[in-house]
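Please open the model in your viewer and keep the selection panel at hand. The stops below follow charged side chains and their partners.

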Amino acid sequence: MPWWDLRSVLFFMNFRGFPRSQNESSQRSETSAGFSQLFLPLITHKKKQQQGRMRDAQLVSHTVRSHGITVARTHLNDWMILILLFVIVVLLNAIHPFYRFVGKDMMEDLKYPLKSNTVPIWAVPVYAVLLPVVVFLLVYFRRRDVYDLHHAILGLLFSILVTAVITDAIKDAVGRPRPDFFWRCFPDGKDVYDKWGDVVCHGDKNVIKEGHKSFPSGHTSWSFAGLGFLSLYLSGKIQVFDCRGHVAKLCLVLLPLLLASLVGISRVDDYWHHWQDVFAGGLIGLIVAALCYLQFFPPPYHDQGWATYAYFRVLEESQGTAQAANGENANANSTCIAEVQIEGRPNDRNDNAFTGISLSGDSGPTAEDLESGRR
């Protein structure tokens, strides 16, 4: 076979492995790198969107059905303490208050008429407990956050029961007579005193017992404890202190406090309490409500005052998980890019040799040497 035919055969057989020029190899590498740099941001952005949707779905999925029992078990001790506080309130109402000395000259300020309550005792749990719970449920149906619902109800009940314990304990310890004490003690209007000048009551024992529980006002303290908590809750949810000057928000927040104030005024109008009793009761209720609210929620003026502390803890945990997943995805993307770039580089072994025969002049025998050897 002529040497030119053998050269032609070897050329065509080694066509796919023919050595490429350096410019061609570098161009191919640059093309692969450019492709990776072009589509990597799009892939990363898409993954971030998916992770963001997953994180939002996880937060939104914290409903009563999915996490209610878990959250309640976490605060099981708090619920047990609430039961204990309720038992204490019952006991404080059962014991007799301190029967303070009441002289004849003191009766001048205690002869106000005995009237019925404008706000009955059964109405207090309705507007101080049930009304805030209805608001909490409306917010829950909008946000689907079981932490907000659970902590709001738990904080409200703590506010009411802690206030009740403080109020009833002070009532029993002080034993201040009510403004209508004369008619409780002497229903027939005939006053009787002992040798020391103290009253000798001959009225109904339960009515007399209730007549020694003037300070502080229970209606007022419970009203400010429940409605004050609701006011703080609303101020955080609608961001009253966002420095934008929306007076309508402020009016909405002050509405529960106005209702509690009217209840306190009715206690003075009914001659069941002195004004000092109402003032002290309102102060106790507001302080306890603020303390209980801050146990579960940031201050209303805070940037994060619209949610619970537990919500932001869960958010931080989910963000930490997402960041860890992003780091793993980034490492995986880097590995894939490196593999693509390595595959894009010229394979020296495949490009420069074919079955152990190199076409370069220095690495092995040429086609002419093979032809001469065959001859």
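In this predicted model, a search of the whole structure finds 8 salt bridges, and the tour visits several of them. As background, side chains of opposite charge can pair when their charged atoms come close.

Begin by selecting D277 and R176, whose side chains form a salt bridge with the closest N and O atoms 3.0 Å apart. Colour helix 11 (residues 275–296) to place D277, and then look for R176 in the loop between helix 6 (146–174) and helix 7 (181–185); because the two residues sit in these elements, the pair ties together parts that are 101 residues apart in sequence. If you switch on the surface, D277 counts as buried, at 0% relative accessibility, whereas R176 is partly exposed, at 25%.

Next, select K249 together with D242, which are joined by a salt bridge whose closest N and O atoms lie 3.2 Å apart. Here K249 is partly exposed, since its relative accessible area is 22% and the buried class ends under 20%.

Now move to R143 and D145, where the side chains meet in a salt bridge with an N to O distance of 3.5 Å. R143 is partly exposed, with a relative accessible area of 25%, while D145 counts as buried at 3% relative accessibility.

Finally, keep R143 and D145 selected and add D148 and K237: which residues do shared salt-bridge partners join into one network? The network consists of R143, D145, D148 and K237, linked through salt bridges that have partners in common.

Note on methods:
Residues numbered from 1 in each chain as written. Predicted model: local features only at pLDDT ≥ 70, side-chain atom pairs only at ≥ 80, totals over all residues. Heavy atoms only, no water. Salt bridge = Lys/Arg side-chain N within 4 Å of Asp/Glu carboxyl O. Buried < 20%, exposed > 50% of the residue type's maximum accessible area, 1.4 Å probe, protein only. Helix = DSSP H or I, 4+ residues; strand = E, 2+ residues; numbered from the N terminus.
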